[in-house]
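User: Please take a close look at the salt bridges of this model, and at how buried or exposed their partners are. Set them against the way the chains are arranged, in one connected account.

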Number of protein chains: 8
Amino acid sequence: MTSNKQLQDLLEKVASGDVDPADARERLIEAFRARPFEDLGFARVDHHRSVRQGFPEVVLGLGKTSAQIAAIAAEIVARGSTLLVTRASADAYEAVKAVVPGATYHADAAVITFRQQDVTKGKGTIVIAAAGTSDIPVAEEAARTAELMGNDICRLYDVGVAGLHRLLGERARLSAARAIIVVAGMEGALPSVVAGLVGVPVIAVPTSIGYGASFGGLAALLGMLNSCATGVSVVNIDNGFGAAAIASLINHL
Amino acid sequence: MTSNKQLQDLLEKVASGDVDPADARERLIEAFRARPFEDLGFARVDHHRSVRQGFPEVVLGLGKTSAQIAAIAAEIVARGSTLLVTRASADAYEAVKAVVPGATYHADAAVITFRQQDVTKGKGTIVIAAAGTSDIPVAEEAARTAELMGNDICRLYDVGVAGLHRLLGERARLSAARAIIVVAGMEGALPSVVAGLVGVPVIAVPTSIGYGASFGGLAALLGMLNSCATGVSVVNIDNGFGAAAIASLINHL
Amino acid sequence: MTSNKQLQDLLEKVASGDVDPADARERLIEAFRARPFEDLGFARVDHHRSVRQGFPEVVLGLGKTSAQIAAIAAEIVARGSTLLVTRASADAYEAVKAVVPGATYHADAAVITFRQQDVTKGKGTIVIAAAGTSDIPVAEEAARTAELMGNDICRLYDVGVAGLHRLLGERARLSAARAIIVVAGMEGALPSVVAGLVGVPVIAVPTSIGYGASFGGLAALLGMLNSCATGVSVVNIDNGFGAAAIASLINHL
Amino acid sequence: MTSNKQLQDLLEKVASGDVDPADARERLIEAFRARPFEDLGFARVDHHRSVRQGFPEVVLGLGKTSAQIAAIAAEIVARGSTLLVTRASADAYEAVKAVVPGATYHADAAVITFRQQDVTKGKGTIVIAAAGTSDIPVAEEAARTAELMGNDICRLYDVGVAGLHRLLGERARLSAARAIIVVAGMEGALPSVVAGLVGVPVIAVPTSIGYGASFGGLAALLGMLNSCATGVSVVNIDNGFGAAAIASLINHL
Amino acid sequence: MTSNKQLQDLLEKVASGDVDPADARERLIEAFRARPFEDLGFARVDHHRSVRQGFPEVVLGLGKTSAQIAAIAAEIVARGSTLLVTRASADAYEAVKAVVPGATYHADAAVITFRQQDVTKGKGTIVIAAAGTSDIPVAEEAARTAELMGNDICRLYDVGVAGLHRLLGERARLSAARAIIVVAGMEGALPSVVAGLVGVPVIAVPTSIGYGASFGGLAALLGMLNSCATGVSVVNIDNGFGAAAIASLINHL
Amino acid sequence: MTSNKQLQDLLEKVASGDVDPADARERLIEAFRARPFEDLGFARVDHHRSVRQGFPEVVLGLGKTSAQIAAIAAEIVARGSTLLVTRASADAYEAVKAVVPGATYHADAAVITFRQQDVTKGKGTIVIAAAGTSDIPVAEEAARTAELMGNDICRLYDVGVAGLHRLLGERARLSAARAIIVVAGMEGALPSVVAGLVGVPVIAVPTSIGYGASFGGLAALLGMLNSCATGVSVVNIDNGFGAAAIASLINHL
Amino acid sequence: MTSNKQLQDLLEKVASGDVDPADARERLIEAFRARPFEDLGFARVDHHRSVRQGFPEVVLGLGKTSAQIAAIAAEIVARGSTLLVTRASADAYEAVKAVVPGATYHADAAVITFRQQDVTKGKGTIVIAAAGTSDIPVAEEAARTAELMGNDICRLYDVGVAGLHRLLGERARLSAARAIIVVAGMEGALPSVVAGLVGVPVIAVPTSIGYGASFGGLAALLGMLNSCATGVSVVNIDNGFGAAAIASLINHL
Amino acid sequence: MTSNKQLQDLLEKVASGDVDPADARERLIEAFRARPFEDLGFARVDHHRSVRQGFPEVVLGLGKTSAQIAAIAAEIVARGSTLLVTRASADAYEAVKAVVPGATYHADAAVITFRQQDVTKGKGTIVIAAAGTSDIPVAEEAARTAELMGNDICRLYDVGVAGLHRLLGERARLSAARAIIVVAGMEGALPSVVAGLVGVPVIAVPTSIGYGASFGGLAALLGMLNSCATGVSVVNIDNGFGAAAIASLINHL
């Protein structure tokens, strides 16, 4: 019992008479007795994250060794939780596959996933718009994350503001979304234009794409923070995962 | 007819037979014939904003003269729209009051408001948490904005991370919110801690409160962008209005 | 003889027989004998600037005392040159008016002008677009400069990207321009959108309008430098004068 | 019919009677019926760019895979448009050559080109001045771009301000240009000196050449933005392409 | 006699009668006659450091060749001093082992150590807390340093603020420490929370772990400098050694 | 009972028989029943701070109104706690004096103090060294804070590195300290030199004194963070209070 | 005897027989017995500075109260030393004049001076070149300092690179100098051009003159540090005094 | 005749009667007729540099291909000038050696040198002090440059401020110098301390040695620019060559 969904399932079964209240009580006590996290020495895997926040702990691959990633992944999967590793190298995938044979690697997004039955479905669609072809890896990290978290998604790629007609033709899809993730490098102007067109929460992801005075995505980041349009909030440079997690929270409200 | 609400009211009256379809058609044609914005020379007031985005155009007082603010305010109110002026000086209020006598000035938030019947009600509560006493003006800008946009709000002030027990005691209110605005200066750590406690979208507002290496809020901004917790997105430094607008969009979904 | 126009006038008169070649020769020798600049101790007024660059030396008021400005202004006007002082305070204007009684002060643009017969006319129109009402002072510095330099201008104010329809309605005027000056603060996205719509050189002027992570116009500056659209070049923050001078050079080609 | 030139050719043939008005009408309808862009999934190739802006869409190689570049290149060439890929690796060239056999690789400029009959000729000469030997790759990107866009060009390399006589000897060529591109790293002083000598629009390109407090070209960029000379506008660090595109726009006016 | 401990041992033996005062005097004169440092040409090894500061000179491996490191290491060990080389590559270790066969390499911390009898024992325990798994290398540099300097240490890893229960469960160990080293990347919020829980000096070490707007640890650094909690001081990014040295000074008071 | 000292006093009286265990029990229960903080609406005054951290909550005057400061001060004093307000204006002092008549204002340090019997005495001396005369206000903030927290202090002012003999003459006092606070602006070199002379923890305080490339203390801050000497940790620019609080924690170990 | 000059005078008198060796010995002993500095509590006035460095201690007015400045000035003058106070307000001058009646205030340079007989004469001329009229205050700080330190100076003002002929006409004076101080704001290009013309050490002083991306002189500073010309070293922004002190050291070699 | 020395030799021979005035006249005319630079297409080699500035043009290897470096080197040597290539790779050396067989490579300094008879001797000694072992490569670039330019040099390495006794013991050598180059990374405090000890011009070279908040040498650079000591000027990060060139100019006065 490490997710909201499992908890809800249990209570529904009690309500429907499929589970005896005494049994349910036993299972609940057992669940709370379990340590809320498992200490692997180098990591404390948080098993109550899903109850608290609606999705199990996600592993940020950056700065961890393949062995560490695999050990954490094994622990998460063993508890019945869906697995998501971001910023994962092909090497890390090999290590994970050895302990979680069913895991999938999405090379374009650099994420490892393994789906289990603990994730609830979101209500509407999340649009993921990318300004240019070079922004696609970050957009894909967002797309894979949002999908795994139970959301329907819609990709709109290469709709940057230098050719507005490419964007204006997609107004219907944008308006229909419950949340829009806008991924853009360079001057990062796309979120402002999108938020000016529709009344949907826009989560802007600056990318490190660009050169010179882009300063690794700083230009896009500052542009998005200073958006003249209403409804834009911003996550860290290249943080496709973070944007998707927020969009998913909104889509599950 | 300059808002979603007016449009919906009309259609409902047609459905209930209170308004004749032919009449409704006339009114709709007239509305679409009207210019979508009024050109005052120095400003083009956007009268379709509310239809497009759910709330009429908001006036950012910063960098405008009191006379300009008053002229725009008069134009907005004349169309039957609710008025919100942010970053408004007492002087600007005097000018606005002369043309919109019923306008109110919230000095603690530096905003001018005038409420009309064009705003729909949000679904749940928005929590506005502020780390320290000095962050209150920004929090109040968010609170006044969110209220005017039709949301129930709950203020939690002075709950910074240096005294965790002040925050941990408010867990119930935090979990019950549909969106949480977290306002913090200095190191900007509060959004991470809040987002770690609950599964609600957190909109983080860095403030320029601090000194030295705070660099006018840069430290808090960077801290929030680099949050290790899932579910945090960020708006510009001191942008209480922007955070409230996003929270309101989420709360109206 | 301190301008291209005077030189051209002389040569045309020689061609038409209105001036005798010997006379013309005398006048030319005299002109070249004159020192190319006048040393006032604290300033060396450049009297060949107009011959070299098509417009007499312009006085940047910033950092000069009113007395210094007035002395330079008197020297420029005495040579028959058109006078332009930028970043001029009302106080500086008083000092200038005492020595150049016909000088005009444009308070909205903070410039002092005095027109003489030494400026040639440009070929087409320069459009000056401003994203928001707060950007108008910088736009006006550009407009006054461009006019004084002999150009027809067209102002399009408050056409920021948060309400695209305000801009899209002006496509015809934008396409008809020989150069477009785009003035914008905050995220500085307007030049990218404009340059994507038309094939005209766009000179982007970031303004210091904004707050927080605008960092005094840095966000807009970086945004413009990283424009994804072709045809955008950038001048210093708030440098309306500089943009107008370039647009005028282009319009006089 | 994807360029201004093709459109003009058609209309001239109608005027001269070489094409029947009815035929022309058919062709125009067909052209407008075509989608203005081709959606390749990862990219939307903009086929009206040339009509709108005078030159077909240019491919920025940075951040794209060789396969993506080749696919976009094939699409552009198939429409009869001239091809320009910037920041192209030798690897990308191999991929492009496979689908566009006639394409050329300019290794010194890192650009791939393939010329077709859709580009109109500019009016005068564009001078490309480089301060030092190390700035040549960026200058060559500008030179190759400007040539492909139909301009006569003149290269002046290694004319930095530490040896003024090298520059002063080229005054005649500088004055004769319709636009001057000045490429410089380190302190970026060359544009100021050039713009002080002549009355021609100067497009300044800071390069990332330098070390230490050059901060990847930031010093040169700031220097150029703060130029004390009139007539200097600036593009992004190392953006030779962007400078050439602007110079070409000016040269085609 | 190159350490405080040796000096104290000698004086205690004089006090206890084990060493004759005349002998002690001879040895002291000899010690002071020795040059306080050994000049190796490229380095001046400081042999009085231990007397002055309680621990012999530590070798920062960064920027030194393996040969230089080995030569300095040999000189230090020859004087009877404990050896600590930080930021040491495996290559440097090979060179050191050739001249100091008993030296140990701690790959996780990138330090080389060789323990001798010249270090006094600290009084209490130093806690080393790390926010995430990726911060462990820096934490280990601190841990190895603190141990070598004679301190008992306690490691608490992966106790970041996104899962507060992991930290709150360790309150007893934190309160019992004489100094706490807190290692954190990203937003660097952990030191504020720890310092708010206990009344022990906290030495905060920002790490370069993170991406995007982490700017190589700058975000964490600024966060820690702006801590709203009392009792936090900060060392350079990734400077685990520096933090341990300070904690050890405090623990030896 | 809001301080460690009061708790210790009570337990000692129980031990000595001066207080009856039953009475003590009553008083303890009452103390724990009291809310750990008092919610004033705009501030939650933390009354357990002293128990947790050894000194009552300190009021940072910056960004608070005089009325807010006075209300918080009254609340703190009413609980029997020592009062310290930093960054306090003369105006704030007037407001505080009205509710805490015995409060003192130290204008040179901009702090308000009111001493009560709840602070324990530190063990040794804290040296406060200031590089230049202009650094004295920050040094005084540290000095007043350290004194109020129960420490003996020793001031060494104007001992900057440009005249080393002024510092070298004070070596004895430096060595005798249990902690040294070093306050310096400009290049911030003094902490490195001091830490090289002695084996005492050095807390470095950069000041905003300087001009130009001092960037408001950034130069000194970076200098101190990069100290080549062992034993230096750093607090925020101008944070004399923070340095004193840490030194006091060390001096109370 | 607090200066090199006094020491030299004495020794010359001994050599010439004007002073008896025994007398000289007495005076020397007395001089060395005197404390090398006077401790005023808030300042330690360094009376051996002149012997060590050739000019008495200079008072930086910035951040000191008028009373502190006056007290230090009195102490310096009483020892027979020449007085120089930089960054002095008119208010500070009033305080100094009260204790040093003969002191002079140079308002254009914001320095207070009082000349005594302890300064030796330099060998050649120091040229002080300023790019623009607005740079004159900093140039004057340099000029007054250099004069007081015993140097012949030559001012060349308003010789910026936008009008090269103004500079090229002064080549003879530049070549004749023993050191050249170049003061420039904006892009700071003048030192590179000057150093390219002559083989004389150039000390570059960036000024905070400029706006926008000048960032308070940062652009000029970076430009000067990255100078492509040989022979340029740089001092802090607006540090006219520092440049003059170095030029004077060179001129006294 | 491409150097001051050759010019001086000729004139002395005329004076001594060794060369006939008519011959000398011929040679001088020929020299002035020669182009002052040789245009290699990618570089214009400046052959009057030595006459103008006392040392022939130096080749900065950074950003040039080995072939370009070799071609320039050949041109310089062919004119009888001494060759100095800085930032030269081993690869570049191979290319140079093929055309200048006698050239030497100093790997520790990354410079290529070839000495000819055109350099005059300096008057005194230049001290080159380096704070740490890691700063030696930059110090060696300075040392090799200064030697080649005809100066006696004295190396003082590893004399950083963390162990002052290592520096204080070298006071005599420091005082005897005509110029001191101080090379330091980290906090860059050494120049301040050196300049406080002696009255000799100090040229400070920040190095990129350090980590974390060193920001590639920025911390050291800012520290040096903000030096509280008189007599310090600064060159670019790692610019050992530039410092040596200035010191040599001073030493040749």
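Analyst: Contact is taken here to mean heavy atoms within 4.5 Å. On that basis, in what is a predicted model, no contact joins chain C and chain F, and their closest C-alpha atoms lie 14 Å apart. Chain C and chain E are likewise not joined by any contact, with their closest C-alpha atoms 13 Å apart.

As for the arrangement of the copies, chain F can be laid on chain B with an RMSD of 0.0 Å by a turn of 90° and a shift of 0.0 Å along the axis. The two copies are therefore related as by a four-fold rotation axis. Within chain F, the C-alpha nearest that axis belongs to F215(F), at 7.2 Å from it.

Turning to the side chains, the structure holds 90 salt bridges over all chains, while the number of disulfides over all chains is 0. Two cysteines can be placed by their accessibility: C154(A) counts as buried because its relative accessibility is 15%, and C154(E), with a relative accessible area of 16%, is buried too.

Among the salt bridges, one joins D158(A) and R166(A), whose side chains meet at 3.9 Å, N to O. D158(A) has a relative accessibility of 8% and so counts as buried, and R166(A), at 4%, counts as buried as well.

Another salt bridge, between R87(G) and E141(G), has its closest N and O atoms 3.2 Å apart. This pair links distant parts of the chain, since R87(G) sits in the loop between β4 (83-86) and α5 (90-99) of chain G, whereas E141(G) belongs to helix α6 (residues 136-148) of chain G, 54 residues apart. R87(G), at 23% relative accessibility, counts as partly exposed, whereas E141(G), at 5%, counts as buried.

In chain E, E170(E) forms a salt bridge with R173(E), and the closest N and O atoms of the pair are 3.7 Å apart. The acidic partner, E170(E), counts as buried because its relative accessibility is 12%, under the 20% that marks the limit of burial. R173(E), by contrast, has a relative accessible area of 44% and is therefore partly exposed. This pair also takes part in a wider set of links, for E170(E) and R173(E) are joined with D39(A) and R44(A) in a network of salt bridges.

Key: Residues are numbered from 1 along each chain as its sequence is written. Chains are lettered from A and ligands numbered from 1 in the order in which they are written. This is a predicted model: local features need pLDDT of at least 70, side-chain atom pairs count only at pLDDT 80 or more; totals for chains, interfaces and linings use all residues. Side-chain values use heavy atoms; hydrogens and water are left out. Copies are superposed by least squares on the C-alpha atoms of residues with pLDDT of at least 70 in both. A disulfide is a pair of cysteine sulfur atoms within 2.5 Å. Buried means under 20% relative accessible area, exposed over 50%, partly exposed in between (1.4 Å probe, protein chains only). A salt bridge is a side-chain nitrogen of Lys or Arg within 4 Å of a carboxyl oxygen of Asp or Glu. Helices (H or I, at least four residues) and strands (E, at least two) are DSSP runs, numbered from the N terminus.
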